[in-house]
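Reader: Got a minute to walk through this one with me? I'd like to start with the charged side chains and then move on.
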Amino acid sequence: ELRDLAPWPITPFAIAPAAHGFNNETHFVDAHEDRYVLRVYRNTADASRVRDEHDLLGRLAAAELPFATPLPVRTSGGDTLAVLETPAGPRLAALFFRIPGEPAALDAANARLGGRALAQVDAALGRPDLPVRASATLRDVHHLVPDPTAALEELALGERADPVHAVLERVDAAHGALAQSLPRQI
């Protein structure tokens with residue numbers, strides 16, 4: 001089934017699901033204009049979060065890295081994001097220019113190349129002057145555990161919980177100074 005890609009100024013003639021990807025639904029799109037990748041978001045419905053991601057991708061593209069990075073295609077309305085109707089209901093979607101290539105083999109040589117590329121991306125993400133969210137605290141470990149101390153008490157471990165309580169207290173007490181001493185970036 002050819003998805004309705006009307007938000008983008010392209011004329012698609014083929015679409016195929018990608019073999020890789022778990023968090024989102026991904027398709028390869030061949031159009032008269034170019035080749036693309038369609039991402040239908042399943043892991044978020046927060047448009048601002050996706051637009052922030054697209055902003056970062058634009059900054060990476062401008063960073064003149066020695067390799068290509070994903071770049072979203074603007075819709076006919078100028079946005080990088082659209083809402084598509086899917087069998088599961090409306091979903092956020094983005095279309096990206098397809099970067100030629102295939103998934104790398106899982107071997108040491110490619111791991112070294114991947115590590116070098118990751119270091120270059122990390123350095124590029126350290127350059128933009130962007131707001132960085134506050135560092136996580138002990139209470140931010142998992143959304144299902146908003147209070148680790150209370151969760152520990154719910155386990156009813158009795159005295160066996162004492163050493164764990166002591167560790168939690170030390171981590172909580174040291175966190176602020178440690179977080180302030182570390183560099184912060186996207």
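Reader: R39 first: how accessible does it count as?
Author: R39 counts as partly exposed, at 25% relative accessibility. For these classes, buried is under 20% relative accessible area, exposed is over 50%, and partly exposed is in between, with a 1.4 Å probe and protein chains only.

Reader: Before we go on, what kind of model is this, and what are its ground rules?
Author: It's a predicted model, where local features need pLDDT of at least 70 and side-chain atom pairs count only at pLDDT 80 or more, while totals for chains, interfaces and linings use all residues. Residues are numbered from 1 along each chain as its sequence is written, and side-chain values use heavy atoms, with hydrogens and water left out.

Reader: Ok. Which residue forms a salt bridge with R39?
Author: E53, with the closest N and O atoms 2.8 Å apart. A salt bridge here is a side-chain nitrogen of Lys or Arg within 4 Å of a carboxyl oxygen of Asp or Glu.

Reader: And where do the two sit?
Author: R39 is in strand β3 (residues 35-40) and E53 is in helix α1, 14 residues apart, so the pair links distant parts of the chain. E53 is partly exposed, with a relative accessible area of 30%. Helices (H or I, at least four residues) and strands (E, at least two) are DSSP runs, numbered from the N terminus.

Reader: How many salt bridges by that rule?
Author: The count is 4. One of them joins D55 and R59, at 2.9 Å from N to O. Those two are about one helical turn apart, because they are 4 residues apart in helix α1. D55 is partly exposed at 36% relative accessibility, and R59 is partly exposed too, at 35%.

Reader: What about D30, which residue does that one bridge to?
Author: To R35, with 3.0 Å between the closest N and O atoms. D30 is partly exposed at 23%, and R35 is partly exposed at 44%.

Reader: Switching topic: where is T69, and is it buried or exposed?
Author: T69 lies in the loop between α1 (47-62) and β4 (82-86). It's buried, with a relative accessible area of 14%.

Reader: Which residues does T69 touch?
Author: L57, L60, A61 and I99, leaving aside residues up to four places away in sequence. Contact means heavy atoms within 4.5 Å.

Reader: What's the phi of E64?
Author: Near 55 degrees, a positive value in a residue other than glycine. Most residues other than glycine have a negative phi. E64 lies in the loop between α1 and β4, and it's exposed, with a relative accessible area of 72%.

Reader: And A156, what's its phi and where is it?
Author: A156 has a positive phi of about 50 degrees, although it is not a glycine. It sits in the loop between α3 (148-154) and α4 (162-181) and is exposed, at 62% relative accessible area.

Reader: Zooming out, how many helices and strands does the chain have?
Author: There are 4 helices and 5 strands, in the order β-β-β-α-β-β-α-α-α along the sequence.

Reader: What radius of gyration does the chain have?
Author: 22 Å, whereas a compact globule of 186 residues would be near 16 Å. The radius is taken over C-alpha atoms, and the globule rule is 2.2 Å times the number of residues to the power 0.38. Those C-alpha atoms fill a box of roughly 70 × 40 × 35 Å along the principal axes.

Reader: Last one: what share of the residues is buried?
Author: Of the 186 residues, 25% count as buried.
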